[in-house]
Amino acid sequence: MRILHYIPSIDRTSGGVGGYMQLLSKELGKLVELHVATHQSENMLELENCKVHFLPTWKHAREMHREWTRLLDEVKPDVVHCNCCWMPASAMTQHWAQNAGYRVVLSPHGMLEPWIMHRHYYSKKLPALMLYQRRAVERADMIHATADSEKDHLLQLGWNDRITIVPNGIDVDSISMKTSWQRTGQILFLSRVHPKKGVNFLIEAVAKLGGDYRCLIAGEGEEAYVEELKSLAERLGVADRVEFLGGVYGERKWELFREADVFVLPTHSENFGIVVGEALACGTPVITTKGTPWQDLDDHHCGWWTEVGTEPTLGALRACTECSTEELERMGRNGRKLIEEKYSTQAEAEGMLRMYEKLLK
């Protein structure tokens with residue numbers, strides 16, 4: 001089977017979407033002949049077991065159309081899999097592929113979740129919906145959701161009920177688990193620094209938590225927003241306990257996961273949240289919100305699944321500080337076991353293959 005993915009970016013700054021493609025290609029490329037079309041950028045992630053093709057950007061639509069059509073003719077994929085919403089190029093590649101007679105899967109990657117839909121609705125979302133985005137969702141032969149909650153939100157839109165759930169995967173075999181759960185006093189946030197992620201709730205919670213806990217905020221973000229968060233920490237008197245590390249990659253990223261007492265993602269909305277799975281794979285308990293599909297944290301006793309906001313985050317942090325070392329280790333091992341059994345990249349790739357086979361039938 002030949003599969004052609006289109007993804008707007010595999011740059012390291014693209015956050016979870018780029019990471020998803022990197023993890024997926026490693027295993028899916030063992031099961032199918034995998035091609036990935038994207039656009040060149042400065043800090044591109046390396047993809048294994050696939051052939052990467054570069055297209056002109058949508059601002060050069062005529063050239064992009066010509067190169068995309070040439071690629072379709074060359075690869076002759078059984079399925080075209082388009083990723084992301086709101087970016088014109090995602091809708092354009094889908095439109096051109098379907099007009100050429102190809103079956104198309106669309107992965108929204110949480111970009112149709114309610115919080116995202118409401119943000120800048122009249123200035124950005126509504127014009128895009130009217131021009132291309134709603135039509136793209138309606139026309140897709142299959143919609144790929146990563147969790148029951150994302151499927152429910154997609155069904156509530158009422159635009160397309162041809163939805164298959166395939167959870168994202170974690171390359172757990174390549175992630176070392178921590179060997180000690182002795183407290184370090186470190187609280188970790190590691191993700192894209194963006195208003196959606198609720199970093200302000202974490203800073204406010206740390207200010208109320210007191211004690212000697214240090215909050216490490218790792219991730220790239222727009223300079224103006226990062227400065228806004230730094231000013232918040234200053235106003236709350238915790239600038240000396242909240243450290244902004246910027247983008248962190250490679251082994252240092254895994255060291256941060258393993259060194260932290262707890263990983264916190266106080267987000268408004270995530271369709272999956274790969275960083276949650278990565279933290280659990282390292283044996284670190286997690287605090288995240290019901291804006292994510294991670295009820296497993298409660299069900300498998302490996303973290304806290306809270307409402308969105310400062311007080312719920314604070315309550316979970318206090319509960320974490322009251323845990324014994326033995327309890328933290330128990331939670332950490334539960335989390336690692338959960339990822340191994342339910343969220344491996346092998347399981348994701350096999351799920352994708354079943355989805356493609358279902359579509360072709």
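A disulfide here is a pair of cysteine sulfur atoms within 2.5 Å. Keep that cut-off handy for the opening stop, and bear in mind that you're looking at a predicted model.

**Stop 1: the cysteines.** Select Cys-50 and Cys-82. The closest cysteine sulfur to that of Cys-50 sits in Cys-82, 16 Å away, so the gap is too far for a bond. Now pick Cys-85 and Cys-84. Cys-84 holds the closest cysteine sulfur to that of Cys-85, but at 7.4 Å this pair is too far for a bond as well. Under the 2.5 Å rule, the count is zero disulfides.

**Stop 2: a helix crossing.** Next, show H1 (residues 16-28) together with H14 (residues 345-360). These helices pack with axes 8 Å apart and an angle of about 80 degrees between them, which means H1 is roughly perpendicular to H14. Turn on side chains to see who makes the contact: H1 brings Tyr-20, Leu-23, Leu-24, Glu-27 and Leu-28, while H14 brings Thr-345, Gln-346, Glu-348, Ala-349, Met-352 and Tyr-356. Colour this contact by class and you'll get seven nonpolar, two polar and two charged residues.

**Stop 3: the second largest pocket.** Which residues should you select to find its centre? Of the 16 lining residues, Ala-147, Asp-148, Pro-293, Lys-342 and Tyr-343 are the closest to the centre of the second largest pocket. The volume of this pocket is about 260 Å³. Add helices H6 (148-157) and H11 (296-299) to the view, since each of them supplies at least two residues of the lining. Coloured by class, the pocket's lining splits into eight nonpolar, four polar and four charged residues.

Note on methods: Residues numbered from 1 in each chain as written. Predicted model: local features only at pLDDT ≥ 70, side-chain atom pairs only at ≥ 80, totals over all residues. Heavy atoms only, no water. Axes fitted to C-alpha atoms, helices over the stretch in contact; angles between N-to-C directions. Helix = DSSP H or I, 4+ residues; strand = E, 2+ residues; numbered from the N terminus. Parallel < 35°, antiparallel > 145°, perpendicular 65-115°, else oblique. Contact = heavy atoms within 4.5 Å. Nonpolar A, V, L, I, M, F, W, Y, C, P; charged D, E, K, R; others polar. 1 Å grid on protein atoms, 1.4 Å probe; cavity = no way out; pocket = protein on both sides within 12 Å on 5 of 7 lines; lining within 4 Å. Points joined across faces, edges and corners; volume = space filled by probe spheres on them.
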